[in-house]
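Good morning, and thank you for coming. Please look at the model on the screen while I take you through it.

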Amino acid sequence: MDTKQIEELVDEIIQGADDRYATIMKSYQTPIFHYCYHILGNRFEAEDATQEVFFKAYRSLKKYSPTMPFAAWLYKIAYHHCIDLIRKRKWTQLLPFLMQDKESQSDIERHIENVYFSEDVFLAMQTLSVEERTLLLLRGVEEKTYEEISLIMNKNAASLRKKFERTASKFRSAYSPFGKGGSTHDESKQIAREY
């Protein structure tokens, strides 16, 4: 969806065409869910967070300014919402997603976990701060530009570029001991190599 389409949709929704918000949700729900899932590490929390992000965005549509890309604006809401959730809860379970009953998961959920949430990747991600995880996910997985990330995280784009290099190195170092253990998560290893 391009900038003009988004602006038109936002205008229509503000004018009262609430049903048009479903178009925005369809376009952005999956990437926002993946982002929340990466940060929170729990499918159920990520589902709730995704819904809350879209609810907050809907309530704040009048405040949206086209000077910021709409996707960056949504990710900014998701970023702050996930940080608030992490602050409120105690991070006690090391691998909450592995405790789930695999029988109850859909094919899509299993694919997400196999590619992005293998035990090795999850353990390596846990060595990073929430800010580092966000930077790694937005740049390495979501392929956002440093300018977009700076809008989402309220940080300088040049400093984010340097921080990304340090974070990617930190992730690789944390990931490599797990990768040597004969893990069968080939796709996860590919993700680590891309970082």
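Let me begin with a single residue: does aspartate 11 count as buried, exposed or partly exposed? Aspartate 11 counts as partly exposed, because its relative accessibility is 46%, and the cut-offs are under 20% for buried and over 50% for exposed. This aspartate lies in helix 1. Its C-alpha atom is separated by 8.8 Å from that of lysine 62, although the two residues are 51 residues apart along the chain.

Before going further, I should say that this is a predicted model. The mean pLDDT of the protein chain is 78, and 74% of the residues score at least 70. Among the elements, helix 3 has the highest mean pLDDT, 95, and helix 10, residues 186-194, the lowest, 44. Two stretches call for caution. Residues 90-105 have a pLDDT below 50, and the model gives this stretch 32 contacts beyond near neighbours in sequence. Residues 179-195 are also below 50, with 29 such contacts. Where pLDDT is low, the predicted coordinates should not be read in detail.

Let us turn to the overall architecture. How many helices and how many strands does the protein chain have? There are 10 helices and zero strands, so reading from the N terminus, the elements run α-α-α-α-α-α-α-α-α-α. Of the 195 residues, 48% count as buried. Of the contacts with a separation of 6 or more, 66% are between residues 24 or more positions apart.

Next, the interior. In soluble globular proteins, nonpolar side chains tend to be buried together. In this model the largest nonpolar core has 55 residues, and those with the most contacts inside it are Tyr28, Ile32, Tyr35, Cys36 and Phe70. Several helices each supply at least two residues of this core, among them helix 1 (3-14), helix 2 (21-40), helix 3 (43-59) and helix 9 (157-179). The largest share, 12 residues, comes from helix 4. The core also draws at least three residues from each of two domains, domain 1 (1-114) and domain 2 (118-194).

Which residues does tyrosine 28 touch, if we leave out those up to four places away in sequence? Tyrosine 28 touches Met1, Ile6, Phe54, Phe70, Ala71 and Leu74. Phe70, you may recall, is also listed among the core residues with the most contacts.

Helix 4 itself deserves a closer look. This helix is mostly covered, with 14 of its 19 residues buried. At 1.5 Å a residue, those 19 residues should span 27 Å, and the end C-alpha atoms are 27 Å apart, so the two values agree.

Now to the cysteines. A disulfide is a covalent bond between the sulfur atoms of two cysteines. How many disulfides does a search of the whole structure find? The search finds zero. Why does cysteine 36 form no bond with cysteine 82? The sulfur of cysteine 82 is the closest cysteine sulfur to that of cysteine 36, but the distance is 3.7 Å, which is too far for a bond; the cut-off for a disulfide is 2.5 Å. Cysteine 82 is likewise in no disulfide. Cysteine 36 counts as buried because its relative accessible area is 0%, and cysteine 82 also has a value of 0% and is buried.

Finally, let us consider two helices further along the chain. In helix 7, the buried residues are Val130, Glu132, Arg133, Thr134, Leu135, Leu136, Leu137 and Leu138. The 12 residues of helix 7 should span 16 Å at 1.5 Å a residue; the end C-alpha atoms are 15 Å apart, which agrees. Helix 7 is followed by glutamate 143, whose phi is positive, near 55°.

Helix 8 is largely enclosed by the rest of the structure, because six of its eight residues are buried. These buried residues are Tyr146, Glu148, Ile149, Ser150, Ile152 and Met153. After helix 8 comes asparagine 154, in the loop between helix 8 and helix 9. Asparagine 154 is a residue other than glycine with a positive phi, near 55°. Is asparagine 154 buried or exposed? At 52% relative accessibility, asparagine 154 counts as exposed, because the cut-off for exposed is over 50%.

That concludes my presentation, and I thank you for your attention.

Terms used: Residues are numbered from 1 along each chain as its sequence is written. This is a predicted model: local features need pLDDT of at least 70, side-chain atom pairs count only at pLDDT 80 or more; totals for chains, interfaces and linings use all residues. Side-chain values use heavy atoms; hydrogens and water are left out. A nonpolar core is a set of buried Ala, Val, Leu, Ile, Met, Phe, Trp, Tyr and Cys residues joined through side-chain atoms within 4.5 Å. Buried means under 20% relative accessible area, exposed over 50%, partly exposed in between (1.4 Å probe, protein chains only). Helices (H or I, at least four residues) and strands (E, at least two) are DSSP runs, numbered from the N terminus. Domain bounds come from an automatic or database domain assignment. Contact means heavy atoms within 4.5 Å. pLDDT is the predictor's confidence in each residue, from 0 to 100. The expected span of a helix is 1.5 Å times one less than its number of residues.
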